[in-house]
Amino acid sequence: MAVQVSETVTGVLAAAQARLSAWLGGPEEAITFLGRIPLSAVALCTRRARFPWPDFLRVTLQCSAQALLIVIAVNLLVGAILAFVGAVQLNKFGAGIYVADLVGISMVREMAAVMTAVVMAGRSGAAFAAELATMQSNEEVDALEVLGMDTAAWLVVPRILALTVILPLLYVFACAAGLLGGLLVATGMMNLSESAYLDRSALILITPHFAIGATKSVCFGFLIGLTGCWYGLTASRTAAGVGEATTRAVVASIVWVIVLDAVFALCAHALGV
Amino acid sequence: MDAASQIRTPSSLPVLEVRELALRFGSRLVQERMSFAVAPRTIFAIVGVSGCGKSTLLRSLIGLMVPASGQVLYGGADYWAAGSAQRKHLRTGCGMLFQSAALWSSMTVEQNIDLALRQLTTLGEAQRVTRIAEVLAWVGLEKFGNFRPADLSGGMKKHAALARAIAGAPPLLLLDEPSAGLDPISSCNLDALILDIRSRTGAAVIFVSHELPSLFALADDGIFLDADSKRPIAHGSPRDMLAHSQEPTVHAFMRRQALPASAPAPVRATAPAIAPAPDQTRAHPGP
């Protein structure tokens, strides 16, 4: 009986490991990929590798100005939804003013960073995966390697850098949009004055909340860039492979963003922040 | 050119030598026992039916796929036994034309060639501009330098990719199905261009092709890879293969015939039905 249970558990674990390996594209390959990024970053810093400035500027523009409107729209609505849900409950206790606390802390600590990351995973993460997978299937990546170029420095580092730099900036706009959404609902539905709402928000929004949100957005940017590039470069060299890489990149990015957010929440709780 | 110095060899040494090379995808054998040498100024064909491993062999020659065993020697230096720095050094002595052209889609044709030149040479900006104009004129694309690959036809993409491959004046060119997907006239023009490049630069050329007219027009030497036995079954120029090989597959391929289901007796060589006459093979019109 014990042997049977052991064999079953081993079989389940082996199947899970095989599925995980297939999903990740192979752990050895993943470790090699992760290892190449800091090496390529050092090579770029020491000018041993070329940095594609035009490509970097193009990607940065796609991640920033062209994504701003959707980030603002989503976060405005999230702020409004939080205020609406909070208003209904808090009004029962005559604590309507605390909707500013709910919206402010939720947006600044959690939702602005997470929702911006989700939008960027679906937008830029997917675009990175699709572009690199298409380059892979068109042998463009092979052409770079034949020239002796550092493909991680040329293709991966600029994309990760663009998202890592831009996501905190988008986070600032996301916070402002979320707080505005909350303000609109609070003043429109609950008859709170604008000055009362803003005074309350200014009182509760202390620096650590912003620090946590901004730190998260930096990590999320890195993670989304990494995931998009990984699935793009490990895609199979077919048209279906491009679609599959894009789907996997978006799903994996969102899952990892949520997981990382949970880790941040636990760490912040443990540190008493 | 810097790239040219990487694998320049005395004329007595082959530019590239392959010894007992075996290729595998995991546990699946692709080809084994491949041995051949490519002399300077030779146009060497890798021939075989679809799926026999021709492009895979080319990828292992250029360093994109690790062979299961065997040696690839560039000018006497063992590529796969070398360290990563020396491999990179050796690889930059090769110009590669990929089957899909593989032009970097986010750049113009000029920028594609410029990146290759910046990577392979120490030319200054003015010299690079001159060289880009030179190679673009050579392949007949002087008016298309600022076009992006998406705006070019299939034949023009191949010509642009060839311009990028020859920009650094490499002593060895590797061409993966250069005329695949091209109409007969474009294919013929590309063949003429390859012969012109060989005669003007002295580069050796290794090419993979299914196109019988191109094979007979271009190849001085070659190897026929068999998909069933997973090893080469004929060596020499396409005409020599046809004249001397006893293999039914070689004859069926070279004559563009279906292979009989049962193993037939070795075929006696006669002139190929589709191959052009020897005096016509080198007389393509210019691009």
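**Getting to know the gaps in this model**

Me: Where is the place of A:Val88?
Reply: Quick ground rules: chains are lettered from A and ligands numbered from 1 in the order written, while residues count from 1 along each chain's sequence. This is a predicted model, where local features need pLDDT of at least 70, side-chain atom pairs count only at pLDDT 80 or more, and totals for chains, interfaces and linings use all residues; side-chain values use heavy atoms, without hydrogens or water. With that settled, A:Val88 belongs to helix (a DSSP run of H or I, at least four residues, numbered from the N terminus) α4 of chain A.

Me: Is A:Val88 buried, exposed or partly exposed?
Reply: The relative accessibility of A:Val88 is 39%. Buried is under 20% and exposed over 50% relative accessible area, with a 1.4 Å probe and protein chains only. A:Val88 falls in between, so the label is partly exposed.

Me: How much space lies in the largest cavity?
Reply: There's 1 cavity of 30 Å³ or more here (on a 1 Å grid over protein atoms alone, points where a 1.4 Å probe fits but can't get out). Its volume, the space filled by probe spheres on points joined across faces, edges and corners, is about 110 Å³.

Me: Which element gives the most to the lining of the largest cavity?
Reply: Both chains take part: the lining (residues with an atom within 4 Å of a point) includes A:Ala143, A:Val146 and A:Leu147, along with B:Trp104 and B:Arg164. Two or more residues each come from α6 (140-146) of chain A and from β6 (94-97), α4 (109-120) and α6 (154-167) of chain B. With 3 residues, the top giver is the strand (E, at least two residues) β6(B).

Me: Which helix gives the most to the lining of the largest pocket?
Reply: That pocket (an open set with protein on both sides within 12 Å along at least five of seven lines) has a volume of about 1,200 Å³. Among its 48 lining residues, A:Gln136, A:Asp142, A:Leu233, A:Arg237 and B:Arg59 are closest to the centre. The top giver, with 5 residues, spans 54-61 in chain B: helix α2.

Me: And which element gives the most to the second largest pocket's lining?
Reply: The second largest pocket holds about 710 Å³. Its lining has 21 residues, with A:Gly148, A:Met149, A:Asp150, B:Lys88 and B:Arg91 nearest the centre. At least two residues each come from α2 (27-45) of chain A and α3 (84-91) of chain B. The most, 5 residues, come from α3(B).
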